[in-house]
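Good morning, and thank you for coming. I would like to take you through one structure, and I ask you to look at it together with me.

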Amino acid sequence: MHSNQKGGVMDVQGGIGACKVENCSYNQSLECTAQSVDVGVHESHPDCFTYKPK
């Protein structure tokens, strides 16, 4: 779809959400507590590079 209109809410910031990696030190009750998350490609699939083992 092509359009000249833009959507979204300008003053809303994204946040870090759920985490299913039990042994990550940033996982607190299935929520990521990292200040930021770096995601990249690992073996042709997306992966969290912020992961830090407990």
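Let me begin with a question: does Ser-44 count as buried or exposed? Please bear in mind that we are looking at a predicted model. Ser-44 counts as exposed, because its relative accessibility is 71%, and the cut-off for that class is over 50%. As for its place in the chain, Ser-44 sits in the loop between β3 and β4. Measured against Asn-27, Ser-44 lies 17 residues away in sequence, while the two C-alpha atoms are 24 Å apart in space.

Let us now turn to the strands on either side of that loop. Strand β3 covers residues 39–42 and strand β4 covers residues 45–48. The two run antiparallel and are joined by 4 bridges. One pairing can be named: His-42 has His-45 of β4 as its bridge partner. The hairpin of β3 and β4 has 2 residues between its strands, and there Glu-43 adopts a positive phi near 50 degrees.

Beyond the hairpin, I would draw your attention to Thr-50, which is found in the segment after β4. Is Thr-50 buried or exposed? Thr-50 counts as buried, because its relative accessibility is 16%, and the cut-off for buried is under 20%. Leaving aside residues up to four places away in sequence, Thr-50 touches Tyr-26, Ala-34, Ser-36, Val-37 and Asp-38.

Val-37 brings us to the next topic, the largest pocket, as Val-37 is among the residues closest to the pocket centre. The volume of this pocket is about 230 Å³. Its lining comprises 15 residues, and the closest to the centre are Cys-19, Val-21, Cys-32, Val-37 and Cys-48. What classes of residue make up the lining? There are 10 nonpolar residues, together with 3 polar and 2 charged ones.

Finally, a word on confidence. The protein has a mean pLDDT of 86, and 94% of its residues reach 70 or more. Confidence is lowest in strand β2, residues 31–32, with a mean of 91, and highest in β3, with a mean of 94.

Thank you for your attention.

Notes: Residues are numbered from 1 along each chain as its sequence is written. This is a predicted model: local features need pLDDT of at least 70, side-chain atom pairs count only at pLDDT 80 or more; totals for chains, interfaces and linings use all residues. Side-chain values use heavy atoms; hydrogens and water are left out. Two strands pair if DSSP finds at least two bridges between them. On a 1 Å grid over the protein atoms alone, a cavity is a set of points where a 1.4 Å probe fits but cannot get out, and a pocket is an open set with protein on both sides within 12 Å along at least five of seven lines; lining residues have an atom within 4 Å of a point. Grid points are joined across faces, edges and corners, and a volume is the space filled by probe spheres set on the points. Ala, Val, Leu, Ile, Met, Phe, Trp, Tyr, Cys and Pro count as nonpolar, Asp, Glu, Lys and Arg as charged, and the others, Gly among them, as polar. Buried means under 20% relative accessible area, exposed over 50%, partly exposed in between (1.4 Å probe, protein chains only). pLDDT is the predictor's confidence in each residue, from 0 to 100. Contact means heavy atoms within 4.5 Å.
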